[in-house]
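Reader: Could you pick one spot in this model and look at it closely with me? After that, I would like to follow the thread from there to the rest of the structure.

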Amino acid sequence: MERRRNFFPLAGFLVCVIAFVSYFLFFYRFAVTRDVPWTGWLLLGFGLALVYAGLVRAFRRPERYRGKVLGSILAVLSVAVAGSFLFATTVGSRDLPAAAGAPKVGQKAPDFTLQDPQGRTVRLYDLLGSQAGGAGAPSWVVLIFYRGYW
Amino acid sequence: MRSFQEQLPELTKRGIRPVAVSVDPPATTREHLAKTGWTFTFLSDPDAKAVRQYDLAHDVGGGKVIARPAELLIDPTGTVRWVNLTEDLRVRARPEMVTAEFDRIAGRAP
């Protein structure tokens, strides 16, 4: 009897790759899917299950299904992808300086003068306004420091 | 950042002005804003001057210093009223946290 091709390991591996890539390219944009990377976990679980099912049938019923060698290689690669994802979203993304000297609640915010996208000079205390000693109407400011795209 | 744009009316209503700071030069920010359509204030700190003043410098190697993510709420006298220093760069402050904190300080019903 002709042995059938066994697509499960390849399909599972591709799902694992999609799990990894889709998180950083798409789900990262939305807080509900970024803060807890559940879409990645779900897809990885599904991908690894497919790989496992493919390996099981390749080894338990070798007379019917191919894929012992290729399936094993794809299984190792899939686990590597899953491991990289877990590392990147736990250890990797927590690699941040402590910022012990950052301004604390109750302290004065350090003033600075920077350029806006049009190259105009903007002073923080002017944005805060007259009560802070700057020009302009009093206003609260939420300062958002971000990594940027350099 | 997208969420701050989406919640801009809620922030503006309370008199809170969002100001985003990164080491991106003005041209990079200009391109990015043209793509995203975000309209609040963005400032460029290419020498990481303000970033260092706030002790938020993150040396990412190759001599490149960027800002680690952080959010600070500052009142009109220049006093810091709330600070959020995330331990995970994937998890950032949401604008709802800022407005909730503002409402608490201002003694308003949430």
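**A close look at one alanine, and outwards**

Author: B:Ala48 counts as partly exposed because it has 19 C-beta neighbours inside 10 Å; a residue is buried with 20 or more other C-beta atoms within 10 Å of its own, exposed with 12 or fewer, and partly exposed in between, with C-beta atoms placed from the backbone. Before we go on, please keep in mind that this is a predicted model, in which local features need pLDDT of at least 70 and side-chain atom pairs count only at pLDDT 80 or more, while totals for chains, interfaces and linings use all residues. Residues are numbered from 1 along each chain as its sequence is written, and chains are lettered from A and ligands numbered from 1 in the order in which they are written.

B:Ala48 sits in the loop between β2 (41-44) and α4 (49-53) of chain B. Helices (H or I, at least four residues) and strands (E, at least two) are DSSP runs, numbered from the N terminus. Although B:Ala48 is not a glycine, its phi is positive, at about 55°. Most residues other than glycine have a negative phi. Chain A offers a companion case: A:Ala99, again not a glycine, has a positive phi of about 60°. A:Ala99 belongs to the loop between α4 (68-89) and β1 of chain A, and it is partly exposed because 19 other C-beta atoms lie within 10 Å.

Back in chain B, the loop of B:Ala48 is one piece of a chain with 5 helices and 6 strands, arranged along the sequence as α-α-β-α-β-α-β-β-β-β-α. The C-alpha trace of chain B spans about 50 × 30 × 30 Å along its principal axes, and 36% of its 110 residues count as buried.

Further along chain B there is a hairpin to look at. Strands β5(B) (residues 70-74) and β6(B) (residues 80-84) run antiparallel and are joined by 4 bridges; strands pair if DSSP finds at least two bridges between them. Within this pair, B:Leu73 stands opposite B:Trp82. The hairpin has 5 residues between its strands, and B:Gly78 in the turn has a positive phi of about 90°.

This hairpin also leads us across to chain A. β5(B) pairs with β3(A) in the antiparallel sense, over 5 bridges. One of the partners is easy to find: B:Ile74 in β5(B) is the bridge partner of A:Val141. In the wider interface, 47 residues of chain A are in contact with 61 residues of chain B, a contact being a pair of C-beta atoms, placed from the backbone, within 7 Å. On the chain A side, α2 (31-34), β1 (113-115), α5 (124-128) and β3 each supply at least two residues, and β3(A) gives the largest share, 6 residues. That side has 28 nonpolar, 11 polar and 8 charged residues; here Ala, Val, Leu, Ile, Met, Phe, Trp, Tyr, Cys and Pro count as nonpolar, Asp, Glu, Lys and Arg as charged, and the others, Gly among them, as polar.

The packing follows a similar thread. The largest nonpolar core has 38 residues, and those with the most contacts inside it are A:Leu143, A:Ile144, A:Phe145, B:Val21 and B:Ile74; such a core is a set of buried Ala, Val, Leu, Ile, Met, Phe, Trp, Tyr and Cys residues joined through C-beta atoms within 7 Å. Strand β3(A), residues 140-145, gives the most to this core, with 6 residues. Leaving aside residues up to four places away in sequence, A:Ile144 touches B:Phe4, B:Pro18, B:Val19, B:Ala20, B:Val21 and B:Glu71. Another core, of 20 residues, lies apart from it and includes A:Ala19, A:Leu43, A:Leu44 and A:Ala58.

Finally, chain A as a whole. Chain A is divided into domain 1 (8-94) and domain 2 (100-150), with bounds from an automatic or database domain assignment. The centres of these two domains, taken over C-alpha atoms, are 44 Å apart. The radius of gyration of chain A is 26 Å, whereas a compact globule of 150 residues would be near 15 Å; the radius is taken over C-alpha atoms, and the globule rule is 2.2 Å times the number of residues to the power 0.38. Along its principal axes, the C-alpha trace of chain A spans about 85 × 30 × 25 Å.

Note on methods:
Two residues are in contact if their C-beta atoms, placed from the backbone, lie within 7 Å.
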